[in-house]
Amino acid sequence: MSQLFSKSPKHCAERRRFTISKSHKKLFFAFSSFLTLLLAFIFLIWLTLHPSKPQFSLTQADIYQLSLTRPSLLNSSIQLTFLSKNPNKRVAIYYDQLQAYASYKGQQITGDTSLPPFYQDHEEANLLTAFLQGTALPVAPSFGYEVGRDQIAGKIVLSLKVNGKLRWKVGSWVSGRYRFNVNCVSIIAFGPNAAPTSPLSSNRGTHCSTTV
């Protein structure tokens, strides 16, 4: 009598586990390959359309008021005009939040002023105007002395800053929000004979540094 070959239940279970494990490996490799291709595609698009940060320059700065009501309380009034340019050929920009303020020797001398949000198309330039004010702002006791020294020197140097958030737009795709900071330096003539009723003005174009 011949003996027929038969598989034991243990052998069948092992083969089933091997088949399942093999299927899992195929799915894993397929998913990994898809993910790798997707990341490579996104990276290629990013390299092709990598947006350059926006460019800002200060075209006008006018100081209408910079006076101490008490030794350490300041009233200020400053008007600024910026030129904002999008240097990208394929990427547009949404500016969602913009706030501007002025500082002097590391001290903020105006309140934060909000600018309206706007859209900037490819290679487009826009003029932005901000009117900055401060009322009874606390400053260092040496503030009046420092301003007096600058008046003797014939010039005053202000740091003018814009902070906000932006989004990149490529076709119909819009990115998440990115924080950006703009820092401008304005050197304004301020001699001993400056007329008290006239604003201190500087209309020399100044390029600003921008970080995103």
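Phe31 is exposed, with a relative accessible area of 52%. Exposed means over 50% relative accessible area, buried means under 20%, and partly exposed lies in between, with a 1.4 Å probe and protein chains only. Phe31 belongs to helix H1, residues 9-49. Helices here are DSSP runs of H or I with at least four residues, strands are runs of E with at least two, and both are numbered from the N terminus.

Before I go on, the ground rules. This is a predicted model, where local features need pLDDT of at least 70, side-chain atom pairs count only at pLDDT 80 or more, and totals for chains, interfaces and linings use all residues. Residues are numbered from 1 along each chain as its sequence is written, and side-chain values use heavy atoms, with hydrogens and water left out.

Back to Phe31. Which residues form the nonpolar patch with it? They are Phe34, Leu35, Leu38, Leu39, Phe41 and Ile42. Together with Phe31 they have about 720 Å² of accessible area. That area comes from the Shrake-Rupley method with a 1.4 Å probe, and for residues only the protein chains shown count as cover. A patch takes residues with over 30% relative accessible area and no salt bridge; nonpolar side chains (Val, Leu, Ile, Met, Phe, Trp, Tyr) are joined within 5 Å, like charges within 9 Å.

Next, salt bridges. Side chains of opposite charge can pair when their charged atoms come close. The criterion is a side-chain nitrogen of Lys or Arg within 4 Å of a carboxyl oxygen of Asp or Glu. How many does a search of the whole structure find? It finds 2. Asp96 meets Arg167 in a salt bridge, at 2.7 Å from N to O. Asp96 lies in strand S3 and Arg167 in strand S8, residues 154-170, so this pair ties together parts 71 residues apart in sequence. Asp96 also bridges to Arg177, with the closest N and O atoms 3.1 Å apart. Arg177 sits in the loop between strand S9 (173-174) and strand S10 (178-190), so its pair with Asp96 in strand S3 ties together parts 81 residues apart in sequence. Asp96, Arg167 and Arg177 are thus one linked network of salt bridges.

Look at the accessibilities across that network. Asp96 counts as buried, at 18%. Arg167 is partly exposed, at 22%. Arg177 is exposed, at 53%.

Arg167 has another contact. Its charged end sits over the ring of Tyr94, 4.7 Å from the ring centre. For that call, NZ of Lys or CZ of Arg must be within 6 Å of the ring centre and within 35 degrees of the ring normal.

Now rings. A pair of aromatic rings is described by the distance of the centres and the angle of the planes. Rings of Phe, Tyr and Trp (its six-membered ring) pair if their centres lie within 6.5 Å; planes under 30 degrees apart are stacked, over 60 edge-to-face, the rest tilted. The whole structure gives 7 aromatic pairs. Phe56 and Tyr95 make an edge-to-face pair, 6.3 Å centre to centre, with 85 degrees between the planes. Phe56 is in strand S1 (residues 55-70) and Tyr95 in strand S3, so the pair ties together parts 39 residues apart in sequence. Both Phe56 and Tyr95 are buried. Tyr95 also pairs edge-to-face with Phe180, at 5.8 Å between centres and 70 degrees between planes. That pair links strand S3 to strand S10, 85 residues apart. Tyr95 has 0% relative accessibility. Phe180 also comes out at 0%. Ring pairs join Phe56, Tyr95, Phe118 and Phe180 into a cluster.

On to cysteines. The search finds 1 disulfide, defined as two cysteine sulfur atoms within 2.5 Å. Cys184 and Cys208 form it, sulfurs 2.0 Å apart. The S-S torsion is about 105 degrees, so the disulfide is right-handed. Cys184 is in strand S10, and Cys208 is in the loop between strand S12 (206-207) and strand S13 (209-211), 24 residues apart. Cys184 is buried at 1%. Cys208 is buried at 13%.

Last, backbone. Lys105 has phi near 55 degrees, a positive value in a residue other than glycine. Lys105 sits in the loop between strand S3 (92-104) and strand S4 (107-108). Its relative accessible area is 48%, partly exposed. Ala136 also has a positive phi, near 50 degrees. Where is Ala136 placed? In strand S7, residues 125-138. Ala136 is partly exposed, at 37%.
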